[in-house]
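Reader: I should like a close look at one part of this model, the surroundings of the ligand. Please describe the contacts there and then the setting of a few individual residues.

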Amino acid sequence: MSGESAAARELLAGAVRVVVFTGAGVSAESGVPTFRGPGGLWKTFRPEQLATPEAFARDPRLVWEWYGWRRGLLAACRPNLAHVAIARWMLRRGGVALVTQNVDDLHERGALEAATGLAREGRLRVAAGPAGAPASEEARAAAPDASPLHDDELPVEKIAAAAARVAPIRLHGSIFHVRCTNCRARSEHRAPLDASSEATLPRCGACGGLLRPDVVWFGEALPEGALEAAFGAAARADVCLVVGTAGAVQPAAALVHETAGGGGRVIVVDPGETAYDAMADVRLWGAAGEVVPGLLRDV
Ligand code: NAD
Ligand code: ZN
């Protein structure tokens, strides 16, 4: 292990509260293109031309077609080792808040994998307390609860509840949620999309209004509740672990400064340059799936 990895593990082991902050890079090894990296283009459009309220007002069919394409890409992707390691770590130790800028569902699916793995090992606890609350000493030191389970004995509901407990705070919404442009009702939406004409676009069950993806587009405000929860967690954190974000999209990018401003430490995992390189206490240059599992194992 490099000296930098050891330093990062020491910081994490000594932290009571941690915020993990992820961006497109955490999903890159799952095959989801980052906006700025190779494969970030669709047809000849840049995301900045499609992910805007003006683009949706001008041509909702085109924007929905793009989201349909992105949903299709995601359906073929699996959570990678970083998603699973983050969730497993959160389930084991408590005191960790996960904040993502991503609109994919790979953190949630990674959490299901992690909770299933722990259940198989007989280590899935029905932990008390909300996600992000510091774990008690005894919980952190806890031994396996029971003997390993066979697949047909897996407690499906307990696994789903555990995974939900470590769900990310979403700063930019979700590609699998929609919002009515008329009555603003929100809901999950995973049904196949038919963007062949404006008449076939998804409509609100309550009022018939046109539905839009419940994501934050360029120029739009971030959801207030998520913003408060995320920045509050960052301000209280002893360590901010940044994974796979260039730190170029505001106001989300300012989250890291909340931790640093409060005297907390910053660890950055990214194979490319980021806006945080000069301020990082520990800088780990590498891919999330290669670096994160070793970083979080048993700390
Ligand atoms: P970004 O595209 O600006 O930066 C991605 C970062 O990931 C870069 O710093 C790059 O070096 C790094 N990276 C590339 N491969 C990596 C790997 N294997 N492991 C770790 N890091 C890796 O993305 P951003 O900072 O998240 O900001 C762009 C905006 O677009 C955000 O709102 C983001 O959520 C959104 N976006 C989301 C998705 C998604 O939901 N998966 C995909 C593309 C863009
Ligand atoms: Zn409606």
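Author: The account below begins with the ligand and then turns to three residues. The model is predicted, so that local features need pLDDT of at least 70 and side-chain atom pairs count only at pLDDT 80 or more, while totals for chains, interfaces and linings use all residues. Residues are numbered from 1 along each chain as its sequence is written, chains are lettered from A and ligands numbered from 1 in the order in which they are written, and side-chain values use heavy atoms, with hydrogens and water left out.

Around ligand 1 there are 26 residues, of which Arg36, Gln101, His172, Thr245 and Asp270 come nearest; a residue counts as near if one of its heavy atoms lies within 4 Å of the molecule. This shell divides into 11 nonpolar, 11 polar and 4 charged residues, where Ala, Val, Leu, Ile, Met, Phe, Trp, Tyr, Cys and Pro are nonpolar, Asp, Glu, Lys and Arg are charged, and the others, Gly among them, are polar.

An oxygen atom of ligand 1 lies 2.4 Å from a backbone N or O atom of glutamine 101. A nitrogen atom of ligand 1 is 2.7 Å from a polar side-chain atom of aspartate 104, and a polar backbone atom of alanine 246 is 3.1 Å from an oxygen atom of the ligand. The protein buries 89% of the 840 Å² that ligand 1 exposes when taken alone; accessible areas come from the Shrake-Rupley method with a 1.4 Å probe.

Threonine 22 belongs to strand 1 (residues 18-22); strands (E, at least two residues) and helices (H or I, at least four) are DSSP runs, numbered from the N terminus. Threonine 22 counts as buried because its relative accessibility is 0%; buried means under 20% relative accessible area, exposed over 50%, and partly exposed in between (1.4 Å probe, protein chains only). Its side chain makes a polar contact with that of histidine 107 at 2.9 Å, a polar contact being a pair of N or O atoms within 3.5 Å; within protein, one must be able to donate a hydrogen and the other to accept it, and residues adjacent in sequence count only if both atoms are side-chain atoms. Beyond four places in sequence, the contacts of threonine 22 (heavy atoms within 4.5 Å) include Gln101 and His107.

Alanine 82, in helix 5 (residues 81-93), is buried because its relative accessibility is 0%. Aspartate 238 is found in the loop between helix 9 (224-236) and strand 7 (239-243), and counts as partly exposed because its relative accessibility is 33%.
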